[in-house]
Amino acid sequence: MGQSSPPPGGRDYLRFVPACLLLFLPVFLVVPALGPGKILFGIDMLEGSFAIRELVGRSLGEGRLPVWDSHAMCGFPLLAALQSGALYPLTWPVVFLSPGGFWAFTVIAHMALSGLFAYAWLRQGLRTGRGGALAGALVFMVSGYFTLHVYAGHISQISAYPWLAAVLWRIERFLSGPSLRRGAWVAAATTLLFLPGFPHFVLVAGLLAGARILFHALKERRGQRGRWTPAIGVALALGWGLLLAAPQLLPTLELVPHTQRISANRYEFTTSDSFPPENVLTFLAPGFFGDAHTTPYWGRWSLWEVCAFVGITTFFLAALGVGGRAPTRWLWLGMAVAGVLLALGGYTFFFRIYYTIVPGSGFFRVPARYLSIFVVSIAALVALGADRLMKGELAPKTSLRMAGAAAALLALLLGMRLLGGLGERSELWSSMPSRVQQGRGALLGPSFAKEAGGDAAIHGQAMGSLNRAALVTLAIAAVFMLRARGFIASAAAGWSLLGATALELLLFAGPHFRSQEAAELHWPPPVVEYLSRHPQQPFRIVSGRSNLNRDVARSQAAGLDHVGGYEAMMMA
């Protein structure tokens with residue numbers, strides 16, 4: 001059963017529905033967290049990123065380029081340090097918005113752009129139908145990777161994220177018909193990927209683009225003359241994009257040799273925050289090690305770095321994509337696997353090889369961020385799989401096999417829950433948290449159970465997460481069984497699974513969009529007035545270690561000088 005077409009002579013208004021939905025969802029998630037005296041929560045945003053943006057807004061409002069921050073440490077090259085995002089167009093509204101308003105605007109705008117760019121990439125690039133493109137866009141837009149970085153307040157990463165999809169979209173358009181105009185769009189998307197101040201995504205985009213270009217040259221145009229010409233054109237356009245970013249790139253390159261990232265450029269540093277092997281469980285049960293709102297996260301490293309939950313339904317739709325006929329399905333399957341292997345970082349030999357042979361890989365720590373490659377690739381496979389299902393290309397035998405796979409996963413989850421020795425008093429469960437806390441990257445230490453609310457709380461959260469995974473898997477098995485028996489149409493099965501994907505992702509994401517008191521961002525006005533007019537000015541403020549980051553940020557925002565400070569590109 002194919003997708004409906006517009007009536008003769010009529011307008012296809014349905015084409016606007018996916019875009020409206022992708023624009024509405026960010027508002028639906030963010031606005032409830034706002035209110036009188038409230039702003040959207042974000043750890044790093046509240047710990048200092050808001051003050052950097054406020055500095056940028058103040059400088060731009062005064063007609064000055066924010067080149068230097070005189071208020072933190074002994075001064076710092078603000079423009080060269082990238083994370084200010086001073087040259088990024090979507091930073092400029094900070095001139096008119098309060099810090100809290102700008103943070104909410106940033107999340108809504110970039111979440112919406114993530115969905116829209118991913119939809120355009122999947123619809124126009126991979127040539128999927130609207131339903132398939134919408135399914136893939138939802139995965140890219142509301143995955144745990146994005147929403148947890150909102151919770152972490154990683155403004156630079158959030159701002160760069162949608163441009164990954166934009167670069168892939170424009171590359172696909174260029175490969176389908178090279179032209180100077182399409183090359184310019186590739187270059188523009190590349191520039192906007194770099195300017196927000198998260199260069200790790202430039203490397204990620206390079207890996208994705210390189211794989212796509214190579215696949216195009218070797219597979220899709222095998223035996224044809226000039227098959228490398230579009231690939232070379234894309235490579236030149238990507239380089240053009242970096243040249244357009246030269247006003248930001250050149251000061252940064254001048255700063256890089258003097259930063260602690262160079263002096264600490266060791267394998268141990270690079271592999272910090274690797275994706276722990278036991279966290280593979282979070283692909284099915286994202287709250288198994290705590291969810292950061294009901295119970296604290298008690299796994300290794302930081303939750304927002306090591307969780308890329310995309311929904312259980314997503315894996316079944318992706319499997320349908322792999323089983324289809326789209327030529328690029330093998331590319332995206334390979335990149336999804338490669339993304340997980342790279343994310344495992346120091347836990348596998350694969351990353352050591354990558355670290356050795358890929359130039360620049362040692363500049364970036366947190367291998368878990370390569371989960372972004374997994375999310376991009378799985379979104380492509382989901383779009384292909386959902387499209388295949390909605391167009392009626394799935395034989396009853398295939399639906400039956402998918403129902404059987406879901407039943408097998410359900411049996412595994414129930415086995416872990418009921419028969420796998422995970423009872424609250426079992427030896428396996430009793431030893432699991434302590435073993436996790438003894439590994440590299442443990443953050444809570446020996447008192448983790450008390451800090452996480454007690455043994456009963458962490459056990460209840462883990463088992464509840466497995467229970468929810470089992471319920472979702474049961475529903476998936478039921479949909480495929482109904483389709484196999486002919487009780488529902490293929491399109492209905494496809495839309496049902498798309499709805500289940502959206503529900504899974506929104507139920508996971510929703511609790512991480514929470515409120516914070518806006519007053520906590522700034523020093524009280526009497527304090528600012530007292531320090532500004534103190535007779536012993538000029539001086540720099542000193543704070544205790546526990547309040548350092550917040551006090552530095554408050555001082556920067558007030559235009560006061562503080563002896564402390566932190567930048568990702570801190571001087572060595």
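A cavity is a set of points where a 1.4 Å probe fits but cannot get out. The exercises below concern a predicted model.

**Exercise 1. The enclosed space**

Determine how many cavities of 30 Å³ or more the structure holds, and describe the lining of the largest cavity.

Solution.
Step 1. Rolling a probe the size of a water molecule over the atoms shows where empty space is left. The structure holds 1 cavity of 30 Å³ or more.
Step 2. The space in the largest cavity amounts to about 30 Å³.
Step 3. Its lining consists of R53, Y88, L90, T91, F102, T106, I155 and S159.
Step 4. Helices α3 (99-125) and α6 (155-176) each contribute at least two residues to the lining of the largest cavity.
Step 5. Sorted by character, the lining residues comprise 4 nonpolar, 3 polar and 1 charged.

**Exercise 2. The pair α4 and α22**

Describe how helix α4 packs with helix α22, and state which residues meet.

Solution.
Step 1. Two packed helices are described by the angle between their axes and the distance between the axes.
Step 2. For α4 (residues 130-142) and α22 (residues 490-509), the angle is about 15 degrees and the axes are 10 Å apart.
Step 3. Angles under 35 degrees count as roughly parallel. Helices α4 and α22 are therefore roughly parallel to each other.
Step 4. The crossing of α4 and α22 is left-handed.
Step 5. From α4, the residues G131, L134, A135, L138, V139 and V142 take part; from α22, their partners are W495, L498, T501, A502, L505, L506 and A509.
Step 6. This contact of α4 with α22 has 11 nonpolar residues, 2 polar and no charged.

**Exercise 3. The pair α1 and α4**

Describe how helix α1 packs with α4, and classify the residues of the contact.

Solution.
Step 1. Helix α1 (residues 17-30) packs with α4 at an angle of about 20 degrees, and the axes are 11 Å apart.
Step 2. That angle makes α1 roughly parallel to α4.
Step 3. The crossing of α1 with α4 is right-handed.
Step 4. In α1, P18, L21, L22, L25 and P26 meet L134, A137, L138 and M141 of α4.
Step 5. The contact of α1 with α4 contains 9 nonpolar residues, no polar and no charged.

**Exercise 4. The pair α14 and α22**

State at what angle the axes of α14 and α22 cross, and list the residues that meet.

Solution.
Step 1. The axes of α14 (residues 312-322) and α22 cross at roughly 140 degrees and come within 8 Å.
Step 2. I312, T313, T314 and L317 in α14 meet L497, A500, T501 and E504 in α22.
Step 3. Here the contact residues divide into 4 nonpolar, 3 polar and 1 charged.

**Exercise 5. Backbone geometry in two loops**

Locate R127 and P538, and describe the backbone geometry at each.

Solution.
Step 1. Most residues other than glycine have a negative phi, and most peptide bonds are trans.
Step 2. R127 lies in the loop between α3 and α4. Although R127 is not a glycine, its phi is positive, at about 60 degrees.
Step 3. P538 belongs to the loop between α23 (525-532) and α24 (548-558). The peptide bond joining Q537 and P538 is cis, with omega of about 5 degrees.

How values were computed:
Residues numbered from 1 in each chain as written. Predicted model: local features only at pLDDT ≥ 70, side-chain atom pairs only at ≥ 80, totals over all residues. Heavy atoms only, no water. Axes fitted to C-alpha atoms, helices over the stretch in contact; angles between N-to-C directions. Helix = DSSP H or I, 4+ residues; strand = E, 2+ residues; numbered from the N terminus. Parallel < 35°, antiparallel > 145°, perpendicular 65-115°, else oblique. Left-handed = near helix turned anticlockwise from the far one by under 90°. Contact = heavy atoms within 4.5 Å. Nonpolar A, V, L, I, M, F, W, Y, C, P; charged D, E, K, R; others polar. 1 Å grid on protein atoms, 1.4 Å probe; cavity = no way out; pocket = protein on both sides within 12 Å on 5 of 7 lines; lining within 4 Å. Points joined across faces, edges and corners; volume = space filled by probe spheres on them.
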